[in-house]
Amino acid sequence: MTRQQAWELLRRYNAEPFHLRHALTVEGVMRCFAEQRGYDPEFWGIVGLLHDIDFEQWPEQHCVKASELLREGGAEESIIHAVCSHGWAICVDIKPEHEMEKLLYAADELTGLIGAAALMRPSKSVQDMELKSLKKKYKDKKFAAGCSREVIERGAELCGLTLEELWQQTLDAMRSCEDSINRQMEEI
């Protein structure tokens, strides 16, 4: 599956700018993680792009409906497993196995929290966000309450990273792709 095919498949089931921005953000973060670790950024990016394919229309079947949609769209089983595994212990029993799946599990919720924190900044950007600011927002359980700290912490553990390492790596990855995401969102 190419990136273009993945984008078209995602757009078949997703139209809300919020969901599209989140998909593009996770795609960018996963590409960055792949490059840093010597893996194929195209594959990791496609998984990140498609990870919430079912969430906008079928939130109550999240990571369950995805396998059907992805199969119908021609996705390989490795993509399907990776996408579905990010719902482990939340909505499915598919445990993340590969390093990429573990990082997706950890970064999905965290990108949401970092994105919400960025929107609170005058710049509306992660470019000038400092780790100490992110820590403060993270500790405030009322802030971005829909972003599960438990999942983020479990994800960091799965990846063998401290929370601070995960926060910093994800923040850096989001910085690296923010401009590209903004340009793509302008085209939608």
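The following exchange concerns the salt bridges and the largest pocket of a predicted model.

Biologist: What makes E27 and R3 a salt bridge?

Modeller: The closest N and O atoms of E27 and R3 are 2.8 Å apart. The cut-off is a side-chain nitrogen of Lys or Arg within 4 Å of a carboxyl oxygen of Asp or Glu, so the pair qualifies. The two residues link distant parts of the chain, with E27 in helix α2, R3 in helix α1 (residues 3-13), and their positions 24 residues apart.

Biologist: Why is E27 called buried?

Modeller: Buried means under 20% relative accessible area. E27 has 4% relative accessibility and therefore counts as buried. Its partner R3, at 17%, also falls under that limit and so counts as buried.

Biologist: How do you know that R31 and E42 meet in a salt bridge?

Modeller: The N to O distance between their side chains is 3.0 Å, and the limit is 4 Å. This pair also links distant parts of the chain: R31 belongs to helix α2 and E42 to helix α3 (residues 41-50), eleven residues apart.

Biologist: Why is R31 called partly exposed?

Modeller: Partly exposed lies between the buried limit of 20% and the exposed limit of 50%. R31 has 21% relative accessibility and therefore counts as partly exposed. E42, at 32%, counts as partly exposed for the same reason.

Biologist: What separates E150 and R154 in helix α8?

Modeller: They are separated by about one helical turn, because they stand four residues apart in helix α8 (residues 149-159). E150 and R154 form a salt bridge, with their closest N and O atoms 2.6 Å apart. E150 has 52% relative accessibility; exposed means over 50%, so E150 counts as exposed.

Biologist: Which residues are joined into one network by salt bridges that share partners?

Modeller: The network joins R3, E27, R31 and E42. A search of the whole structure finds eleven salt bridges.

Biologist: How much space lies in the largest pocket?

Modeller: The largest pocket holds about 770 Å³. It is lined by 32 residues, of which F18, H22, T111, G112 and G115 are the closest to its centre. Helices α2 (17-37), α6 (99-119) and α9 (163-186) each give two or more residues to the lining.

Biologist: Which element gives the largest share of that lining?

Modeller: Helix α6 does, with nine residues.

Biologist: How many residues of the lining are nonpolar, polar and charged?

Modeller: The lining has 15 nonpolar, eleven polar and six charged residues. Gly counts as polar, so G112 and G115 belong to the polar class.

Methods. Residues numbered from 1 in each chain as written. Predicted model: local features only at pLDDT ≥ 70, side-chain atom pairs only at ≥ 80, totals over all residues. Heavy atoms only, no water. 1 Å grid on protein atoms, 1.4 Å probe; cavity = no way out; pocket = protein on both sides within 12 Å on 5 of 7 lines; lining within 4 Å. Points joined across faces, edges and corners; volume = space filled by probe spheres on them. Buried < 20%, exposed > 50% of the residue type's maximum accessible area, 1.4 Å probe, protein only.
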